[in-house]
Protein chains: 2
Amino acid sequence: MQNSECKKNYRTRQQEALGAYFRCNPEACVTADDIYMYFIGRGDKIGKATIYRSLDRMVESGEIKKFLSDGGEGAMYQLIDGGNGCDRHFHLKCIRCGTVVHMDCEFMDEFERHIMEHHNFRVDNGRTIIYGLCGNCSANVAE
Amino acid sequence: MQNSECKKNYRTRQQEALGAYFRCNPEACVTADDIYMYFIGRGDKIGKATIYRSLDRMVESGEIKKFLSDGGEGAMYQLIDGGNGCDRHFHLKCIRCGTVVHMDCEFMDEFERHIMEHHNFRVDNGRTIIYGLCGNCSANVAE
DNA sequence: GGCGAATTTGAAAATGATTTTCATTTTTAT
DNA sequence: ATAAAAATGAAAATCATTTTCAAATTCGCC
């Protein structure tokens, strides 16, 4: 009810609880049901629909990521570490686990310059996402 | 029944059909239902269960990859590294006029190599679209 | 401090993708 | 060819996720 200890502007107790859950478990990699069970286990009152809705919001706002698990239990959710949005780098997004790697090095300038000079095209870093496989997943996918 | 035209060792007509589908559509990025509809549309006889089972096998064997779409329609399947040249270039898409420029030059290899070596990430050219402004639009847009 | 509007919640029902069941068909090995 | 093993398809079952809608909560404002 009161959000005295809360800095972020979550509107409701449930939304704050979810935010706190991820902040207190920064490495958590969980399904919606995992989270539901966690709260139910603690005796908290929360509905699954609310969890799904809140997770959607957090994915939308870029706080957490959603991806397909290796097993087949449903979507998994995990905190996005950096979280600080910046336009001076590319995003490399793993198509397997959803991890976003931030590419922020001088080579990028070279890339932009090449595309500008040789292809007459001005890259928009903010909108561009490079898809592929991160190191982990690359190692796990047989080829 | 006869697999005269088939080189790969798929056991059944349905499995061969699925393999052929991906080989003939190397850039296809589809849901199980897309594939089902495709075959039904052609008048072929195939069940959804078989499609799911075959897709699982192909993911397992590393022929195709499975991932969560950005929209929310279910899992998507796509050939891994089509092997065909179509995966060998980037697409530069203008966010203003929609023009797609194909970037197909030796610099791309350099780009991939850099990302692989410095960022431990294997770029998937087929799925990546670089957004920005084409020459025309760049000249016309005030910034 | 409280009232009404707007938003959020939760339980249950609905949805929809995927999996399982099982009788039948096809393939494989002999 | 023939029997055993594996694969198929239609339908039913499963299960994660979404929707519905009435009740509860929060927000804006006086």
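This note describes how two protein chains meet each other and two DNA strands in a predicted model.

1. Extent of the protein interface. In this predicted model, 36 residues of chain A are in contact with 40 residues of chain B. The two chains bury about 3400 Å² between them, and 67% of that area is on carbon and sulfur atoms.

2. Polar features of the interface. Between chain A and chain B, three residue pairs are in polar contact, both residues of each pair being at pLDDT 80 or more. The count of salt bridges across this interface is zero. On the side of chain A that touches chain B, the residues comprise 21 nonpolar, seven polar and eight charged.

3. Elements that build the interface. Several elements of chain A each supply at least two residues to the side that touches chain B; among them are the helices α4 (106–119) and α5 (135–140) and the strands β6 (121–123) and β7 (129–134). Strand pairing also crosses between the chains: β6(A) pairs with β7 (residues 129–134) of chain B in the antiparallel sense, over three bridges. Within this pairing, Val123(A) has Gly132(B) as its bridge partner.

4. Surroundings of DNA strand C. This strand is surrounded by 20 residues, the closest being Thr12(A), Gln14(A), Thr50(A), Arg53(A) and Tyr52(B). Of the strand C atoms that come within 4 Å of the protein, 74% belong to sugar and phosphate. The helices α1 (13–24) and α3 of chain A, together with α3 of chain B, each supply at least two residues of the nearby surface. By class, that surface has six nonpolar, six polar and eight charged residues.

5. Phosphate contacts of DNA strand C. Both chains take part here. From chain A, an N or O atom in the side chain of Thr50(A) is 2.5 Å from a phosphate oxygen, and one in the side chain of Gln15(A) is 3.4 Å from a phosphate oxygen. From chain B, the side chain of Tyr52(B) places an N or O atom 2.4 Å from a phosphate oxygen.

6. Surroundings of DNA strand D. Here 19 residues surround the strand, and the closest are Tyr52(A), Ala75(A), Thr12(B), Thr50(B) and Arg53(B). Sugar or phosphate accounts for 73% of the strand D atoms within 4 Å of the protein, and bases for the rest. Contributions of at least two residues each come from α3 (48–60) of chain A and from α1 (13–24) and α3 (48–60) of chain B. The surface near strand D has five nonpolar, six polar and eight charged residues.

7. Phosphate contacts of DNA strand D. A polar side-chain atom of Tyr52(A) lies 2.5 Å from a phosphate oxygen of this strand. Backbone atoms also contribute: a polar one of Ala75(A) is 2.9 Å from a phosphate oxygen, and a backbone N or O atom of Lys45(B) is 3.0 Å from a phosphate oxygen.

Note on methods:
Residues are numbered from 1 along each chain as its sequence is written. Chains are lettered from A and ligands numbered from 1 in the order in which they are written. This is a predicted model: local features need pLDDT of at least 70, side-chain atom pairs count only at pLDDT 80 or more; totals for chains, interfaces and linings use all residues. Side-chain values use heavy atoms; hydrogens and water are left out. Contact means heavy atoms within 4.5 Å. Buried area is the accessible area (1.4 Å probe) that two parts lose on being put together, summed over both. A salt bridge is a side-chain nitrogen of Lys or Arg within 4 Å of a carboxyl oxygen of Asp or Glu. A polar contact is a pair of N or O atoms within 3.5 Å; within protein, one must be able to donate a hydrogen and the other to accept it, and residues adjacent in sequence count only if both atoms are side-chain atoms. Helices (H or I, at least four residues) and strands (E, at least two) are DSSP runs, numbered from the N terminus. Ala, Val, Leu, Ile, Met, Phe, Trp, Tyr, Cys and Pro count as nonpolar, Asp, Glu, Lys and Arg as charged, and the others, Gly among them, as polar. Two strands pair if DSSP finds at least two bridges between them. A residue is near a molecule or strand if one of its heavy atoms lies within 4 Å of it.
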